[in-house]
Amino acid sequence: VLRTRNRPEMLRAALEDILAQTFDDFEIVLVDDGDSAEAVQAIAGELGDPRIRIIDHTSESHGRAPAANAGLRAARGEFLVLHDDDDAWKPEFLERTVAHLDADPASMAVSARTEVVIHRAGGEDRALLNQGMDAITLPEMLRVNRITTNSLLYRSALHDEIGYID
């Protein structure tokens, strides 16, 4: 599920990044939460990939959580990930995370390390989030969330157990 709002240049980059995955059995549920519908449709049309489906919230922005939920409810896959228009993945992200969950049917989710990139005039800063951590414990998660949404692939069945984003 890819959320976007008023950042067409970032949306194009995010879509190209997702479409470059080495694992290619996926759909993109693109939730347009405030852009010009024509701009988003033009970008998706230029890319010409039938895996892109658009949910149009351009008449009124619904906000981050409702936009996410609209996409999550519309998604048809066994696995889900919430991706924003300013996120990027390494080309093997889906291949590796899907393989992990396929190999461990009891696991409900898997997260990958995240590199945070902050774009500034004249360059960018990069930092590995949670550098040196080998595992994230429940007490640590209760104190501070250490997982970014775009680094977490999880089973869609999880929503049947816990509901959607509150």
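This passage describes the fold, the helix α1 and the nonpolar cores of a predicted model. Residues are numbered from 1 along each chain as its sequence is written. In this predicted model, local features need pLDDT of at least 70 and side-chain atom pairs count only at pLDDT 80 or more, whereas totals for chains, interfaces and linings use all residues.

The chain has six helices and nine strands, assigned as DSSP runs (H or I of at least four residues for helices, E of at least two for strands) and numbered from the N terminus. Of the 166 residues in the chain, 35% are buried, that is, under 20% relative accessible area with a 1.4 Å probe, protein chains only. Among contacts (heavy atoms within 4.5 Å) between residues at least 6 apart in sequence, 68% join residues at least 24 apart.

Helix α1 (residues 8-19) has 12 residues, which at 1.5 Å a residue should span 16 Å, and its end C-alpha atoms are 16 Å apart, in agreement. Its buried residues are Leu11, Ala14, Leu15, Asp17 and Ile18; they cover an arc of only 160° around the axis, which puts them on the same side of α1. Their cover includes β1 (2-4), β2 (28-32), α2 (37-47), β3 (52-56) and β5 (83-84).

The largest nonpolar core (buried Ala, Val, Leu, Ile, Met, Phe, Trp, Tyr and Cys residues joined through side-chain atoms within 4.5 Å) holds 21 residues, of which Leu2, Leu11, Leu15, Ile28, Leu30 and Leu153 touch the most other members. The elements that give two or more residues to this core are α1, β2, α2 and α4 (93-103). A second, separate core of 12 residues includes Ala68, Leu80, Leu82 and Leu158.

Methods:
Heavy atoms only, no water. Expected span 1.5 Å × (residues − 1). Buried < 20%, exposed > 50% of the residue type's maximum accessible area, 1.4 Å probe, protein only. Arc of directions from axis to C-beta.
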